[in-house]
Amino acid sequence: MLTSGVAIGSISGAYGQQTAKPPVVGFLVAGTQASHGAWVAAFVERLAKVGWTDGRNVKIEYRWGAGDVRQITEFAAEFVRLKVDVIVTSAYGVVAAKQATSSIPIVFAAYGDAVANGIVASLARPGGNVTGLSIQPGELSSKRLELMRDIIPNVRRFAAMVNTNYSGVTQEVIGIRAAAARLNVEANILEIQTADDIDAAMATLTGETDALYVYSEPLTNANKAKIIKVATAARIPTIFGFREFVDAGGLISYGANFIDLFARAAEFTDKILRGATPADMPIQQV
């Protein structure tokens with residue numbers, strides 16, 4: 001208790017010299033409360049453990065993007081107008097935040113290849129205002145398809161639902177096609193951008209595919225109940241990137257522990273609020 005009290009006092013003192021108001025963290029959530037709420041709660045809990053309590057010595061402003069690229073972009077611009085001290089986000093929110101500001105520190109809780117997508121200069125030295133945790137999507141897509149073949153040995157063709165609004169989709173599709181060719185299975189890429197596109201894509205699957213691979217990102221996560229309901233009714237096995245899809249009734253998932261990722265993002269945020277700069281904070285690979 002003594003150590004915690006000293007830490008909080010030191011933080012309050014440091015910010016008291018600069019402003020009478022506590023620092024503001026803008027949390028640009030790419031999904032919904034249903035899809036991302038537990039992850040956000042993990043961030044808040046860890047942030048409190050390292051000395052920052054919402055409503056006491058820090059203020060957290062939440063914006064829920066629900067997988068809507070336009071809405072996420074508008075929220076990023078709003079945070080810049082509010083002059084928040086740090087923006088925390090994931091997925092497309094990283095792109096939107098980076099486009100909105102080159103000065104406000106940005107922490108991403110989960111993102112693909114930040115180097116290939118031009119978000120940072122390198123993993124070891126990001127060099128700008130962005131840092132966080134990478135989920136290495138290319139490697140994961142190959143492993144997911146290998147698991148699919150192991151569990152469904154008679155699969156000959158599968159559909160892959162991918163959101164073309166997401167900046168990492170090109171690498172994901174390359175990984176999917178490469179893995180499909182290696183496993184000698186046919187890959188049908190279903191491109192989506194909105195929730196309505198999901199309905200249209202799912203309507204084409206019955207009798208046309210042996211399995212459904214869903215590129216798991218905020219849009220598909222926000223609509224996972226619908227995807228799983230239709231696939232289950234059509235008796236189509238499913239594979240996803242988040243455990244939460246399996247908790248909701250999907251068959252297989254393989255990927256990072258997003259509860260842990262969002263909690264670790266709080267540690268990046270803590271360091272920035274204490275004076276560290278993203279340019280010098282290496283990106284962590286899961």
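A cavity is a set of grid points where a 1.4 Å probe fits but cannot get out. In this predicted model, the count comes to two cavities of 30 Å³ or more.

**Cavities**

The table sets out the two cavities.

| Cavity | Volume | Nonpolar lining residues | Polar lining residues | Charged lining residues |
|---|---|---|---|---|
| Largest | about 230 Å³ | 13 residues | six residues | three residues |
| Second largest | about 50 Å³ | five residues | three residues | one residue |

The lining of the largest cavity is made up of 22 residues, and those nearest its centre are Ile135, Tyr166, Ser216, Phe242 and Phe258. Three elements, α2 (33-49), β4 (106-111) and α5 (137-151), each contribute at least two residues to this lining. The biggest share comes from α5, which supplies three residues.

Around the second largest cavity stand Gly67, Val69, Ile72, Tyr92, Asn163, Asn165, Tyr166, Glu217 and Pro218. Tyr166 is thus named in the lining of the second largest cavity and among the residues nearest the centre of the largest cavity.

**The sheet**

Six strands form an open sheet with parallel pairing, in the order β2-β1-β3-β4-β5-β11. The edges are taken by β2 (59-64) and β11 (284-285); each has a single partner strand, so one side of each has no neighbour in the sheet. At the β11 edge, the partner is β5 (residues 130-134), and the two strands pair in the parallel sense over two bridges. Within this pair, Leu133 stands opposite Gln284 in β11.

**Helices on the sheet**

Helix α2 packs on the sheet and touches β1 (24-29), β2 and β3 (86-89). The direction of α2 makes about 165° with that of β2. Helix α11 (residues 258-273) lies across β1, β3, β4, β5 and β11, and runs at about 165° to β4. Both helices therefore have a link to the largest cavity: α2 supplies at least two residues of its lining, and Phe258, one of the residues nearest the cavity centre, falls in the range of α11.

**Salt bridges**

How many salt bridges does the structure hold? The number is 13. One of them joins the side chains of Lys49 and Glu45, with an N to O distance of 3.7 Å. Lys49 and Glu45 are about one helical turn apart because they lie four residues from each other in helix α2.

Conventions: Residues numbered from 1 in each chain as written. Predicted model: local features only at pLDDT ≥ 70, side-chain atom pairs only at ≥ 80, totals over all residues. Heavy atoms only, no water. 1 Å grid on protein atoms, 1.4 Å probe; cavity = no way out; pocket = protein on both sides within 12 Å on 5 of 7 lines; lining within 4 Å. Points joined across faces, edges and corners; volume = space filled by probe spheres on them. Nonpolar A, V, L, I, M, F, W, Y, C, P; charged D, E, K, R; others polar. Pairing = 2+ DSSP bridges. Contact = heavy atoms within 4.5 Å. Axes fitted to C-alpha atoms, helices over the stretch in contact; angles between N-to-C directions. Salt bridge = Lys/Arg side-chain N within 4 Å of Asp/Glu carboxyl O.
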